[in-house]
Amino acid sequence: MGRIYAPHTINFIANRFSLLIFNMSSILFALPENQLFAKSLVDQLKIPLGDVIFRHFPDGDSYVRIKSEIKDKEVFLLASLNQPDPKVIPLLFFSKTAKTLGAKKIHLIAPYLAYMRQDKAFNPGEAINSRIFATLLSQYFDTLITIDPHLHRYKTLDEIYTIPTYVLHADILIAEWIQQNIKKPVLIGPDVESKQWVLRAANHIKAPYLIFKKTRIGDRDVQISVPHIEDYQHNTAVLIDDIISSAATMIEAVKHLKQLGVRKIVCIGIHAIFAGNAYQELKATGVERIITCNTILHESSTIDVSGMVADAIRADMLL
Ligand code: R5P
């Protein structure tokens, strides 16, 4: 008679077996600029980093060559989509080539997902970028994993993506960073959309919070109205937003806080877009620190979100 195993032992063996299959059947590729994040992911997932060439011909056309064996494999492509236009064609060429070479499934990991902010036609005749881009990616990839996409008018990505999407949130990691590094913080959302992150982070560390009101006048022009802040004059104001792009939102919020006498200000963004001189301009306001997550490689990247991505992939693959 064979040995009888307790249920938890069977689960443990099944998990180890799934893990082994996952390790043997998966491979991760990365677009240039994503190498550090990619290294961290493959180390945690214990899967190989794929060999791929992304380059351009002298005339600017894209060239993609997948050198690793990928037949019947779960293929992950890591591509953070800041400054998206030059990245999109290589992305699509990679996906079609991987399919042709027999990949089982192709999963796009886009720590920053582009084109989400244009979520309606604000003026007649405008393209709704988020919807068009979602339709395009849904045709080329089997799943999408991303971190805090800019969900404003859409409640979930499922409203525009037809493939399964996995949305991860950086708020708890941000809250933990604040707890470890800031004495007496007051968390501040510079606009109503940022309330979702600010509220969850504040609740997690039981810190007070305030939400400002923002009106956007143009790409680099915003107006902000500030509620009463007198009770928090001696706290460190920690501004939290999902995207820092032109930094107009952060700069305007910092100006108001300074006028109201707040001396210690820290800015935290999830996605460090920092278009043009935005980073230097924000620094020039005299804020104590500017911190971002490493969804986009930048000198301000302090909060590592790669562990959260690895955990999500592992959890899903082992189901
Ligand atoms: C907008 O709703 C977002 O949450 C950010 O506030 C915005 O994208 C920041 O952009 P900028 O840095 O250009 O002000």
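## The largest pocket

A pocket is an open set of grid points with protein on both sides within 12 Å along at least five of seven lines, and its lining residues have an atom within 4 Å of a point. This model is predicted. By that definition, 36 residues line the largest pocket. Nearest its centre lie Arg117, Gln118, Arg216, Asp219 and Ser245. Three elements each give two or more residues to this lining: strand β10 (213-218), strand β12 (236-244) and helix α7 (248-259).

The volume of the largest pocket is about 1100 Å³. Its lining comprises 15 nonpolar, nine polar and 12 charged residues.

## Position between the domains

The largest pocket lies between two domains, because both of them give residues to its lining. Domain 1 covers residues 7-169 together with 305-315, while domain 2 covers residues 171-294.

## The ligand and its surroundings

The ligand is surrounded by 15 residues. The closest of these are Arg117, Glu193, Asp241, Ser246 and Thr249. Arg117 thus appears in two descriptions: this residue is among those nearest the centre of the largest pocket, and it is also among the closest to the ligand.

Polar side-chain atoms of several residues approach oxygen atoms of the ligand. For Arg117, the distance from a polar side-chain atom to a ligand oxygen is 2.6 Å. For Ser246, a polar side-chain atom likewise lies 2.6 Å from an oxygen atom of the ligand. In Arg216, an N or O atom of the side chain is 3.0 Å from a ligand oxygen. On its own, the ligand has 370 Å² of accessible area, and the protein covers 95% of it.

## The second largest pocket

The second largest pocket holds about 250 Å³ of space. It is lined by 17 residues, and those closest to its centre are Glu33, Asn294, Thr295, Ile296 and Leu297.

Helix α2 (residues 35-45) contributes three residues, the most that any element gives to this lining. By class, the lining of the second largest pocket has six nonpolar residues, eight polar residues and three charged residues.

Methods:
Residues are numbered from 1 along each chain as its sequence is written. This is a predicted model: local features need pLDDT of at least 70, side-chain atom pairs count only at pLDDT 80 or more; totals for chains, interfaces and linings use all residues. Side-chain values use heavy atoms; hydrogens and water are left out. On a 1 Å grid over the protein atoms alone, a cavity is a set of points where a 1.4 Å probe fits but cannot get out, and a pocket is an open set with protein on both sides within 12 Å along at least five of seven lines; lining residues have an atom within 4 Å of a point. Grid points are joined across faces, edges and corners, and a volume is the space filled by probe spheres set on the points. Helices (H or I, at least four residues) and strands (E, at least two) are DSSP runs, numbered from the N terminus. Ala, Val, Leu, Ile, Met, Phe, Trp, Tyr, Cys and Pro count as nonpolar, Asp, Glu, Lys and Arg as charged, and the others, Gly among them, as polar. Domain bounds come from an automatic or database domain assignment. A residue is near a molecule or strand if one of its heavy atoms lies within 4 Å of it. A polar contact is a pair of N or O atoms within 3.5 Å; within protein, one must be able to donate a hydrogen and the other to accept it, and residues adjacent in sequence count only if both atoms are side-chain atoms. Accessible areas come from the Shrake-Rupley method with a 1.4 Å probe; for residues, only the protein chains shown count as cover.
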